[in-house]
Amino acid sequence: MTRAPMEHSPASTATTEVSALTRELSLEGYLRMVRIRRFEEEAMRRAMAGEFSGMHSSSGQEAAIVGACLALRDDDYITGTHRSHGHPIGKGADLKPLMAELYGKATGICKGRGGSMHLADRKVGIIGESAIVGGGIPLATGAGLSIQVRGTDQVSLCFFGDGAANQGTFGESLNLAAIWKLPVIFLCENNLYAISTPVAKSHGQPDIALRAAGFGLPGVIVDGQNLAAVYAATAVAVSRARHGGGPTLIEAKTYRFEEHCLNLQVPIPYRTPQELERYKSQRDPLQLHRQDMLNSAIGEAEIAAIEREVTAEVADAVTFARQSPQPDASEVYDYLFSNPIHYPPEPAP
Amino acid sequence: MALSQALKAEAYRRMLRIRRFEEEGTRLFKEGAIPGAYHASIGQEAAIVGACLALNNDDAMTGTHRSHGHPIGKGADLKPLMAELMGKATGICKGRGGSMHLADNSVGIVSESAIVGGGIPLATGVALSAKVLKTQRVCLCFFGDGAVNQGTFHESLNMGALWRLPVIYFCENNGYAITTSLAGSHGQPSIAARAQAYGMPGALVDGQDVSAVYDATCEAVARARRAEGPTLIEAKTYRYDEHNVGLLIPGKPYRPPEEVEEYRTRRDPIILFRQRLLQEGFTEGDLGAIEQEVERAVEEAIRFAAESPAPSAESLFDYMYSDPVGSRGA
């Protein structure tokens, strides 16, 4: 496999042996990665044109997301973060209600109430995203506890970033999951920067996976730009979780191609243009996987067909979102409570 | 650095001061002379005193809910401590702190906190202050095995390591968070092993051996003073009494009576150290003199506290703010 970039710690190369993806998974993985990339690029353009407000793009992190999601079943749970359009797409969500949600439309996956940072697509097991940094970690742990109590063989996968690893919720949740052997996969998308704060300036030591040992669970470092490597590591963790072996912490060393969020101007340069350019040109997960597919006798025509299909899907999603109605003003109090308090009294008969 | 003869005598004196203070405090609590709740440090004296002896008088310290032993270990006067437990005006916090919120600034105690894990970020902040002010001060942070599972532990140790702060994270692991055993609450049993997550050394020490605790803490203090950052020390110790005095734990016992008996008779830090002192040049007379001196000090503290007045009703609103709101411009 390709050597991991120098900005990450040298431990990035210490990945477990990567088993090749099946042809089917390889194509499906590429489809989902391209969906994320095109969805995010188009959403950025639409947001900059003022069609909806801000967003956090997952461009550059597709392999970490999709590799992890491919190892899950549809009924497995995931939790997300503030940077969370990629997670539902990776888990197989329909793009139309996702795009409509970004537009705040009534046809959105959360009827326009969630928006970019609070999406939840239950159909593909997403129980919640949380814009609170580290907020999803205890939620995913709770979902793992629910699975254990109900005695199903589901698992819960928790996405979070390198910044969240320094929140107290991380320490508390990993300890609980380890002691109760909960079926949780803690997947850190370490993209090196918490907004503009590098890992080197915020972590006592650079490898988040090394934190696992202190809580008594395995910690695995994986090249987050390599779809097959992330899939392989997650599949091992999922199998362990499904068979009562407890949680695993996976650290996927990845990189964010855009700024932390749309329209954010960081006055102090926290990463060099050369570093960004090197990732985009040499470490783009889509390009790396495309090349892997060509090397494994998947033809250019098949790959190009996927790319055309996705371009059409994203265009359809935008059209759907634009043409959808706004939520009706009369519904403003709906969905606030599962069993509303102060509900209007029944009209007298 | 091994304990000098003078420090050995001081270690024995301070351990005994904690033991006798707590025994008498327990009695007074049961008699109704001390309000609130009473958490005794009996059994944990070597962990406390071994750590405190490695500090200078002006080094800082933070405590827990079980925190009469910490000021005594740091060298505090017993009189205002006992008066504080009784809620008297002569108490070290003028009767406002009580058992769980003592702070004796004269021996560097910044604060105790009854919030489990609450002292860990405070100690980290004190160490940051020492670094910013470029003093040689270090901060010793006491906490228990239960506090290790609080998010504050995780957040503070990461910051302490990252900024190389002069702090010693000192865990008195007495095996039980009230009734929850370590095995029932920690993903793996070694608290010291958690240090590697943050890139700092973790040391395991026998908390019933005062000189072993002293040695380990001296090393951590030296490291902190050299600006090389924090150390996590796990002292394996044991609590003889229930979590707090008078607490009745219903149902199945959480620890076997034989275990308590084993510690009281064979692993008692004071008995063990007394035997060692007799082998290392101290006579029965030397030790007897220390014992009598401690006895007198505890008696005097009780008398002082009992004879002291309660805070006056007029002083009720005093000391609530360092610069009272509304006190100016009248």
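The following dialogue treats the pockets, the cavity, a surface patch and selected residues of a predicted model.

Me: How is empty space in a structure found, and how much of it lies in the largest pocket?

Reply: Rolling a probe the size of a water molecule over the atoms shows where empty space is left. In this predicted model, the largest pocket holds about 430 Å³ of space. Its lining comprises 29 residues, and those closest to the centre are B:His65, B:Val116, B:Gly144, B:Gly146 and B:Ala147.

Me: Which elements of chain B give two or more residues to the lining of the largest pocket?

Reply: They are α5 (119–132), β3 (139–144) and β5 (176–177). The largest share of this lining, 3 residues, is that of β3(B).

Me: What is the make-up by class of the lining of the largest pocket?

Reply: The lining has 15 polar, 10 nonpolar and 4 charged residues. In reading such a count, one should recall that Gly is placed among the polar residues.

Me: What volume has the second largest pocket, and which residues are the closest to its centre?

Reply: The volume of the second largest pocket is about 350 Å³. Of its 25 lining residues, A:Thr81, A:His82, A:Val133, A:Gly161 and A:Gly163 are the closest to the centre. In chain A, at least two lining residues come from each of α5 (136–150), β3 (156–161) and β5 (193–194), and β3(A) provides the largest share, with 3 residues. By class, this lining has 12 polar, 9 nonpolar and 4 charged residues.

Me: How many cavities of 30 Å³ or more does a search of the whole structure find?

Reply: The search finds 1 such cavity. A cavity differs from a pocket in that the probe fits inside but cannot get out. The largest cavity holds about 30 Å³ of space. Its lining is made of A:Gly171, A:Glu172 and A:Phe215, together with B:Val148, B:Gln150, B:Phe153, B:His154, B:Arg194 and B:Tyr198. Two helices, α6 (168–179) of chain A and α6 (151–162) of chain B, each supply at least two of the lining residues. The classes represented are 4 nonpolar, 3 polar and 2 charged residues.

Me: Which residues form a nonpolar patch on the surface?

Reply: The patch consists of B:Leu128, B:Val132, B:Leu133, B:Met159 and B:Trp163, which together have about 460 Å² of accessible area. One of these, B:Leu128, is found in helix α5 of chain B.

Me: Why does B:Leu128 count as partly exposed?

Reply: Partly exposed residues lie between the cut-offs of 20% and 50% relative accessible area. B:Leu128 has 31% relative accessibility and therefore falls into this class.

Me: Is A:Val238 buried or exposed?

Reply: A:Val238 counts as buried because its relative accessibility is 4%. This residue lies in helix α8 (residues 227–242) of chain A. The C-alpha atom of A:Val238 is separated by 23 Å from that of A:His85, a residue 153 positions apart along the chain.

Me: Where is A:Leu192 placed, and what is its phi?

Reply: A:Leu192 is in the loop between β4 (184–190) and β5 of chain A. Its phi is positive, about 80°, although the residue is not a glycine. With a relative accessibility of 8%, A:Leu192 counts as buried.

Me: What is the phi of B:Ala227, and in which loop does B:Ala227 lie?

Reply: B:Ala227, a residue other than glycine, has a positive phi near 65°. B:Ala227 belongs to the loop between α7 (210–225) and β8 (231–236) of chain B.

Definitions and conventions: Residues are numbered from 1 along each chain as its sequence is written. Chains are lettered from A and ligands numbered from 1 in the order in which they are written. This is a predicted model: local features need pLDDT of at least 70, side-chain atom pairs count only at pLDDT 80 or more; totals for chains, interfaces and linings use all residues. Side-chain values use heavy atoms; hydrogens and water are left out. On a 1 Å grid over the protein atoms alone, a cavity is a set of points where a 1.4 Å probe fits but cannot get out, and a pocket is an open set with protein on both sides within 12 Å along at least five of seven lines; lining residues have an atom within 4 Å of a point. Grid points are joined across faces, edges and corners, and a volume is the space filled by probe spheres set on the points. Helices (H or I, at least four residues) and strands (E, at least two) are DSSP runs, numbered from the N terminus. Patches are made of residues with over 30% relative accessible area and no salt bridge: like charges are joined within 9 Å, nonpolar side chains (Val, Leu, Ile, Met, Phe, Trp, Tyr) within 5 Å. Accessible areas come from the Shrake-Rupley method with a 1.4 Å probe; for residues, only the protein chains shown count as cover. A salt bridge is a side-chain nitrogen of Lys or Arg within 4 Å of a carboxyl oxygen of Asp or Glu. Buried means under 20% relative accessible area, exposed over 50%, partly exposed in between (1.4 Å probe, protein chains only).
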